[in-house]
Structure formats: structure tokens, C-alpha cells
Amino acid sequence: MLKLRAMRLKDKVAIVTGAGSGFGSGIAQRFAAAGAHVIINDIDRAAAEQVTLLINNKGHSAVPVVGDVSCAKDMARMVARGIEHFGSLDIMVNNAGITHTNRSMLDVDEATFERVFAVNVKACYLSALNVIPQFINQGRGGVILNIASIAGLRPRPGLTWYCASKGALIAMTRAMAVELAEKSIRVNALCPVAGDTPLLPRFLADNTSEAMAAMISTIPMGRLATPGDIADAALFMVSDEASFITGSILEVDGGRGI
Ligand SMILES: NC(=O)c1ccc[n+]([C@@H]2O[C@H](COP(=O)([O-])OP(=O)(O)OC[C@H]3O[C@@H](n4cnc5c(N)ncnc54)[C@H](O)[C@@H]3O)[C@@H](O)[C@H]2O)c1
């Protein structure tokens with residue numbers, strides 16, 4: 001039987017985007033506790049600095065890099081800063097994501113549509129342009145993990161363009177995986193179900209306990225995802241224990257996708 005190592009990411013260098021809150025914060029903290037050096041990206045400076053402090057105060061290793069993942073210059077700066085600070089790069093987690101509020105597809109304006117696709121889809125392209133050449137130059141492969149959503153596989157009404165952006169991210173994950181396999185660069189995605197994070201109210205049709213109960217009633221295991229659930233799955237997917245897994249779309253959803 002496979003024996004899991006406690007420090008599964010010892011001395012690996014990881015970037016986690018949108019790590020100032022929710023799932024990203026959980027992933028960053030779990031990676032750091034497993035021995036990784038973590039670049040904490042967020043567009044929100046205070047949030048990035050707070051999570052970095054939390055990690056460093058526990059004796060683990062993190063550095064904040066503030067930036068917008070949909071901006072080519074910010075993405076290039078983030079990757080360069082990580083490599084400059086920690087000397088190399090092994091893991092890229094494209095986690096930052098946004099949604100339009102739950103509404104008819106016809107009521108989402110063009111600027112909002114474009115912003116959702118810029119943050120949820122274009123950022124993955126921009127990160128590829130920066131991290132893949134670095135992985136190839138280092139000559140030891142690398143790992144990309146995209147945080148998609150069960151909404152990209154099993155859409156809900158009211159979230160059409162958000163669902164579509166996650167569907168695009170899932171297709172990107174699989175296409176990238178097949179193109180990068182010969183270079184030992186693995187590309188996978190997680191599909192969380194609705195999670196207990198600050199983003200959640202935007203997914204709900206209205207802000208009532210009835211709307212929340214209706215959402216939870218569609219999840220066979222009867223609860224929301226936690227940052228810990230997503231962090232555990234992320235840790236496995238980027239670790240060497242998953243070294244033969246690529247192009248995989250892992251549902252972390254209490255059965256919602258069935
Ligand atoms: N919470 C859910 O119900 C749920 C379910 C499935 C998938 N997801 C996905 O999980 C990921 C994380 O979501 P969350 O629930 O933790 O959200 P969250 O809002 O709690 O955290 C997202 C973080 O990303 C940051 N961010 C937003 N835009 C950014 C940008 N352009 N550049 C850099 N940082 C940016 C925010 O400041 C925030 O700190 C997203 O991709 C989301 O689509 C969430």
C-alpha cells in the first residue's frame with residue numbers, strides 16, 4: 001500500500017492565485033503545511049498579506065504577490081517574482097475566479113461577461129504562457145491545477161455564463177494535458193460543488209435560508225464544500241502520488257455531479 005509522506009510538497013514552489021480567500025486560502029495553507037514555498041497571489045492586497053502572515057507565523061514559507069490574473073503584465077510579474085524569490089517553480093494553481101450574480105442569462109451585461117471570462121478563462125492562458133517555458137527550462141516537468149466547478153459539468157439555471165467559463169476551463173485542462181504530457185507537465189482540474197466561501201451568495205437566486213437549503217438539497221452528501229475538502233484534493237493532485245494523473249477532472253462535490 002502507498003505510504004503517504006507527511007511533507008508531501010517539501011521544497012516545492014507553488015503559486016496559488018486568488019489565495020487571499022476561500023478555497024485558495026485553504027489550498028495555500030495546506031501546501032505550506034506540506035512543506036511547499038507558496039506565492040500568495042490576490043488582487044486584494046490586504047487579503048494576500050493576511051494569508052501570507054498566517055502561513056509564516058506557523059513557521060511555514062509564503063510571499064504575497066498582489067496582481068490581477070487577467071492582466072498579462074501582472075501574471076508575468078507574479079511568476080517572475082516567485083521564481084526570483086524561491087529560485088524555481090513546480091506548481092501553478094489557477095484558482096482565482098468570479099461570477100456574475102444569479103440571474104437570467106439575458107440580464108448579464110457585456111462588460112460582466114467579458115470580466116468573468118477574463119478572470120476564469122484568459123488567466124489560465126496567461127499563466128500557461130509564463131509557467132510552461134519555465135517548467136520546460138527546468139527540465140523536470142511541472143504541475144498545473146485549475147479550479148473549475150461542477151457548474152462546468154452540470155450547469156444550474158441563472159449562472160449560464162459562469163458555467164460556460166468553467167466548461168471552457170475544463171476543455172483547456174484536457175487539451176493542455178494532452179499537448180504537455182510528453183514534457184512531463186501534468187494538467188488537471190478540480191470541480192468543487194458550492195462551497196462555504198465569500199463567493200457563495202452570488203451563486204444563490206436570493207439571499208434567503210430557503211435558497212441556501214434548496215442549493216444544499218441538490219448535493220447528495222447534504223452539505224457544502226469546505227476549503228479543507230478542496231485543499232485535500234488539491235494536495236493529492238499536485239503531489240508525486242498523482243504523478244500518472246493528467247487531464248483528469250476531479251469532482252469534489254459530495255455527489256452533485258451524478
Ligand atoms: N465557492 C463556491 O461555491 C465555488 C464552487 C465551485 C467552484 N468555485 C471556484 O473556486 C475558486 C475560488 O472561489 P472561492 O469560493 O474561494 O472565492 P472567494 O471569492 O472566496 O475567493 C476568490 C479570491 O480570488 C480573488 N480574485 C478575484 N479576482 C481576481 C483577479 N482578477 N486576480 C487575482 N485575484 C482575484 C479575490 O480577491 C478572492 O480573494 C473560483 O475559481 C470559483 O469559481 C467556487
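In this predicted model, the largest cavity encloses about 60 Å³ of space. The structure holds one cavity of 30 Å³ or more. The lining of the largest cavity includes Thr17, Asn94, Asn95 and Ala96. Val119, Asn120, Ala123 and Cys124 also belong to the lining, as do Ile147, Lys166 and Leu169. Two helices, α4 and α5, each supply at least two of these residues. The greatest contribution to the cavity lining is that of α4, with four residues. By class, six residues of the cavity lining are nonpolar, four are polar and one is charged.

The largest pocket contains about 790 Å³ of space. Its lining draws two or more residues from each of α1 (22-33), β2 (37-42), α4 (110-138), α5 (160-180) and α6 (200-203). Here α4 again takes the largest share, giving four residues to the pocket lining. In total, 42 residues line the largest pocket. Nearest the pocket centre are Asn95, Ala96, Gly97, Ile98 and Leu199. Two of these names recur from the cavity, where Asn95 and Ala96 are lining residues. The pocket lining comprises 20 nonpolar, 14 polar and eight charged residues.

The ligand sits in the largest pocket. A shell of 30 residues surrounds the ligand. Ser21, Asp42, Tyr162, Gly195 and Thr197 are the closest. Four elements, α1, β2, α4 and α5, each provide at least two residues of this shell. The shell consists of 15 nonpolar, 11 polar and four charged residues.

Polar atoms of the protein approach the ligand at several points, both from side chains and from the backbone. At Gly195, a polar backbone atom lies 2.6 Å from an oxygen atom of the ligand. At Tyr162, an N or O atom of the side chain is 2.7 Å from a ligand oxygen atom. Tyr162 and Gly195 are both among the residues closest to the ligand. On the side of the ligand nitrogen, a polar side-chain atom of Arg115 is 3.5 Å from a nitrogen atom of the ligand. The ligand on its own has 830 Å² of accessible area, and the protein covers 93% of that area.

The second largest pocket holds about 190 Å³ of space. It is lined by 13 residues. Lys12, Arg140, Gly142, Val143 and Asp240 lie closest to its centre. Three residues of this lining are nonpolar, five are polar and five are charged.

Key:
Residues are numbered from 1 along each chain as its sequence is written. This is a predicted model: local features need pLDDT of at least 70, side-chain atom pairs count only at pLDDT 80 or more; totals for chains, interfaces and linings use all residues. Side-chain values use heavy atoms; hydrogens and water are left out. On a 1 Å grid over the protein atoms alone, a cavity is a set of points where a 1.4 Å probe fits but cannot get out, and a pocket is an open set with protein on both sides within 12 Å along at least five of seven lines; lining residues have an atom within 4 Å of a point. Grid points are joined across faces, edges and corners, and a volume is the space filled by probe spheres set on the points. Ala, Val, Leu, Ile, Met, Phe, Trp, Tyr, Cys and Pro count as nonpolar, Asp, Glu, Lys and Arg as charged, and the others, Gly among them, as polar. A residue is near a molecule or strand if one of its heavy atoms lies within 4 Å of it. A polar contact is a pair of N or O atoms within 3.5 Å; within protein, one must be able to donate a hydrogen and the other to accept it, and residues adjacent in sequence count only if both atoms are side-chain atoms. Accessible areas come from the Shrake-Rupley method with a 1.4 Å probe; for residues, only the protein chains shown count as cover. A molecule sits in a cavity or pocket if more than half of its atoms lie within 2 Å of its grid points.
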